[in-house]
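Welcome to this guided tour! Keep your viewer open and follow along, one selection at a time.

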Amino acid sequence: MNKKGFIFDLDGVIVDTAKYHYLAWKTLANELGFDITPEQNEQLKGVSRIRSLEIILDWGNKTLSEDEFMKYMAEKNDNYLSHIAQMDAGEILPDVPKILDYLQETQQGIALGSASKNARKILQKVGLHDIFKNAIVDGNDVSKAKPDPEVFLIAAQKLNIEPTNCIVFEDSVAGVTAANTAGMISIGIGSKETLGHADYIFNDFTEIQTLFIQELINR
Ligand code: B16
Ligand code: MG
């Protein structure tokens with residue numbers, strides 16, 4: 001059987017941590033005297049922590065000294081981690097385990113490609129760390145954020161599989177662009193309106209059949 005590399009984004013693909021990022025950023029914005037909406041939060045998906053705070057400060061028309069900036073970033077992360085601490089396997093998005101099981105049964109390469117510096121912690125909380133442990137690439141391992149393809153290219157290297165034999169599951173616009181630039185097959189998880197540049201688009205994993213995965217493997 002052929003061996004392909006399947007690279008998963010974390011937030012929005014395996015778990016929905018966006019809701020916890022939102023709560024933590026909202027608390028911070030409120031502390032600074034303004035609010036952020038769920039629509040604004042959409043724009044922070046897949047964006048690094050530093051860049052997220054820069055964007056939020058722009059929205060609130062605030063400037064901070066470097067020290068304050070670092071302090072607020074740490075505070076946001078502490079708040080976010082308090083939500084992560086409550087997570088368990090029940091937060092894995094529907095039918096993600098179905099696909100992971102199939103990939104394991106068929107001995108495919110499985111990797112993580114996330115912007116989050118908390119990715120390892122989250123995988124541990126939901127009980128998926130062992131499946132990904134040989135090829136986790138997260139915000140601590142990259143120097144260039146998505147849409148740069150670095151995160152996925154390092155994941156392919158860790159799997160020892162050519163980028164053209166890799167398939168990426170992504171929910172963010174920048175992430176799909178990164179996968180395409182890396183020469184990988186991109187599978188957008190979300191709406192056709194937002195992720196029109198992906199090779200394939202599904203609303204979520206319940207729409208993905210193992211037959212489709214088998215076809216990708218046999219290409
Ligand atoms: P952290 P992904 C991204 O995760 C999130 O979508 C984004 O909202 C967050 O700011 C970023 O990780 C960094 O997260 O603060 O935990 O380092 O979608 O790339 O898995
Ligand atoms: Mg994501």
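Start by selecting ligand 1 in this predicted model, then show what lies around the ligand: 19 residues surround ligand 1. The closest are Asp 11, Val 47, Ser 116, Lys 117 and Asn 118, so label those five before you zoom in.

Now look for short distances to oxygen atoms of the ligand. Pick Val 47: one of its polar backbone atoms is 2.6 Å from an oxygen atom of ligand 1. Next, click on Ala 115, where a backbone N or O atom lies 2.7 Å from an oxygen atom of the ligand. Then turn to Asn 118, whose contribution comes from the side chain: a polar atom there lies 2.7 Å from an oxygen atom of ligand 1. How much of the accessible area of ligand 1 does the protein cover? Switch on a surface and take a look: of the 470 Å² that ligand 1 has on its own, the protein covers 98%.

Zoom out and colour the chain by domain. The domain assignment gives domain 1 as residues 5-15 plus 89-218, while domain 2 runs over 18-84. Ten residues from domain 1 and eleven residues from domain 2 take part in the contact between them. If you place a marker at the C-alpha centre of each domain, the two markers will be 25 Å apart.

Stay at the boundary between the domains. About 930 Å² is buried between domain 1 and domain 2, and carbon and sulfur atoms give 50% of that area. Which three residues supply the most on the side of domain 1? Select Asp 11, Glu 91 and Asn 118: together they supply 41% of the area that domain 1 buries against domain 2.

For the last stop, show the side chains of Lys 19 and Glu 91. They meet in a salt bridge, with 3.7 Å from N to O, and the count between the two domains is one salt bridge. The side of domain 1 that touches domain 2 has six charged residues, along with two polar and two nonpolar ones.

Technical notes:
Residues numbered from 1 in each chain as written. Chains lettered and ligands numbered in written order. Predicted model: local features only at pLDDT ≥ 70, side-chain atom pairs only at ≥ 80, totals over all residues. Heavy atoms only, no water. Domains from an automatic or database assignment. Contact = heavy atoms within 4.5 Å. Buried area = accessible area lost by both parts, 1.4 Å probe. Salt bridge = Lys/Arg side-chain N within 4 Å of Asp/Glu carboxyl O. Nonpolar A, V, L, I, M, F, W, Y, C, P; charged D, E, K, R; others polar. Near = heavy atom within 4 Å. Polar contact = N/O pair within 3.5 Å; in protein donor to acceptor, adjacent residues only side chain to side chain. Areas by Shrake-Rupley, 256 points an atom, 1.4 Å probe, with all protein chains shown as cover.
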